[in-house]
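Visitor: I am new to reading structures, and I would like a close look at a single part rather than a tour of everything. Could you take me slowly through one place where helices pack together, and then show me what surrounds that place?

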Amino acid sequence: MKNRLKVLRAERDWTQGDLADALEISRQSINAIETGKYDPSLPLAFRIADLFNLPIEAIFLRD
Amino acid sequence: MTTHKTMPAYMRRYAARLLLFMGAYVAALTGSLIFANNGGDHAQGTLIGLALISAFPIIGVFWAIFRLLVEADDEYQRLLLIKQTLLATALTLAIVTVWQFLQVFDVIDTGPQWVGAVWFAMWGLAAPVVRWRA
């Protein structure tokens, strides 16, 4: 699954560490999601969407 | 936003439990060995008790590791920990299987021993392996 996390984060001038802190997960986890090595669970995807104030489908895209 | 790099609560709990059980292990093993080696023959029941007292803290470390898997609230880190645990288990089973057959074919005198210690070593070895390029 592709995602726009890196772009959305850059638009807000957030580092991976900032996003990790906001979601209360590790920076390594953010990196794994951004690089497509790990697809988050639905609950985490919803938390990410809520943080960016966007619908899930505006962040996570079909391959 | 400001970045705060602190150890997550689940890791702090794991570290505290590990420290507690390792301290208890050193105390129990030292105490049991001193008791067993001083004062001549001991009853079978006493020796079984000493063995259980020495084993209990090691069982505690296993419990601490499995609590870590349950309590890790970072799902990607939990996935890595589960991969680490499965890899450690697979490596341990491979080692003791080869070890056992070496004993069966009389290459060595003694079959698998200290399997728990082997598993701990493999758990430590598996940690960087599963995190490599993760």
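Guide: Before we look at which residues meet, we need one definition: two residues are in contact if their C-beta atoms, placed from the backbone, lie within 7 Å. Please keep in mind throughout that this is a predicted model.

The part I have chosen is the pair formed by helix H3 of chain B, which covers residues 75–104, and helix H4 of chain B, which covers residues 115–131. In general, two packed helices are described by the angle between their axes and the distance between the axes. For this pair the angle is about 130°, and the axes lie 7 Å apart. Angles over 145 degrees would count as roughly antiparallel and those from 65 to 115 as roughly perpendicular, and H3(B) and H4(B) are therefore oblique to each other. The crossing in which H3(B) passes H4(B) is right-handed.

Which residues in H3(B) and H4(B) meet? From H3(B) come Leu80(B), Lys83(B), Gln84(B), Thr85(B), Leu87(B), Ala88(B), Leu91(B), Thr92(B), Ile95(B) and Val96(B). From H4(B) come Val115(B), Val118(B), Trp119(B), Met122(B), Trp123(B), Ala126(B), Ala127(B), Val129(B), Val130(B) and Arg131(B). Sorted by kind, the residues of this contact divide into 15 nonpolar, three polar and two charged. As you read along these names, it may help to remember that an α-helix has 3.6 residues a turn, so residues three or four places apart point the same way.

Between H3 and H4 of chain B there is a loop, and Trp114(B) is found in it. Most residues other than glycine have a negative phi. Trp114(B), although it is not a glycine, has a positive phi of about 50°. This tryptophan counts as exposed, because it has 10 C-beta neighbours inside 10 Å, and a residue is called exposed if that number is 12 or fewer.

Now let us move along H3 of chain B to Tyr76(B), which is found in that helix. Tyr76(B) counts as buried because it has 23 C-beta neighbours inside 10 Å. Leaving out residues up to four places away in sequence, Tyr76(B) touches Ile25(A), Ser29(A), Ala32(A) and Tyr38(A), and these names lead us over to the other chain. Taken as a whole, the contact between the chains involves eight residues of chain B and 14 residues of chain A, and the side of chain B that touches chain A divides into three nonpolar, three polar and two charged residues.

On the chain A side, Ile30(A) is a useful residue to follow, and its place is in helix H3 of chain A, residues 27–34. Ile30(A) counts as buried because it has 27 C-beta neighbours inside 10 Å. Apart from its neighbours within four places in sequence, Ile30(A) is in contact with Gln16(A), Leu19(A), Ala20(A) and Ile25(A). Helix H2 of chain A covers residues 16–23, and in it Leu19(A), Ala20(A) and Asp21(A) are buried. The buried residues of H2(A) pack against helix H1 (5–11) and H3 of chain A. In the loop between H2 and H3 of chain A we find Glu24(A), whose phi is near 55°, a positive value in a residue other than glycine. Glu24(A) counts as exposed because it has 11 C-beta neighbours inside 10 Å.

Finally, let us return to chain B and place our helix pair in its wider setting. Chain B is divided into domain 1 (1–73) and domain 2 (74–134), and the centres of these two domains, taken over C-alpha atoms, are 20 Å apart. Their contact takes six residues from domain 1 of chain B and seven residues from domain 2 of chain B. On the side of domain 1 that touches domain 2, five residues are nonpolar, none is polar and one is charged.

Another helix pair in chain B can be set beside ours, formed by H1 (residues 9–37) and H2 (residues 44–71), which pack at an angle of about 170° with their axes 9 Å apart. That angle makes H1(B) roughly antiparallel to H2(B), and the residues of their contact divide into 19 nonpolar, three polar and four charged.

Technical notes:
Residues numbered from 1 in each chain as written. Chains lettered and ligands numbered in written order. Predicted model: local features only at pLDDT ≥ 70, side-chain atom pairs only at ≥ 80, totals over all residues. Domains from an automatic or database assignment. Nonpolar A, V, L, I, M, F, W, Y, C, P; charged D, E, K, R; others polar. Helix = DSSP H or I, 4+ residues; strand = E, 2+ residues; numbered from the N terminus. Buried ≥ 20, exposed ≤ 12 C-beta atoms within 10 Å, placed from the backbone. Axes fitted to C-alpha atoms, helices over the stretch in contact; angles between N-to-C directions. Parallel < 35°, antiparallel > 145°, perpendicular 65-115°, else oblique. Left-handed = near helix turned anticlockwise from the far one by under 90°.
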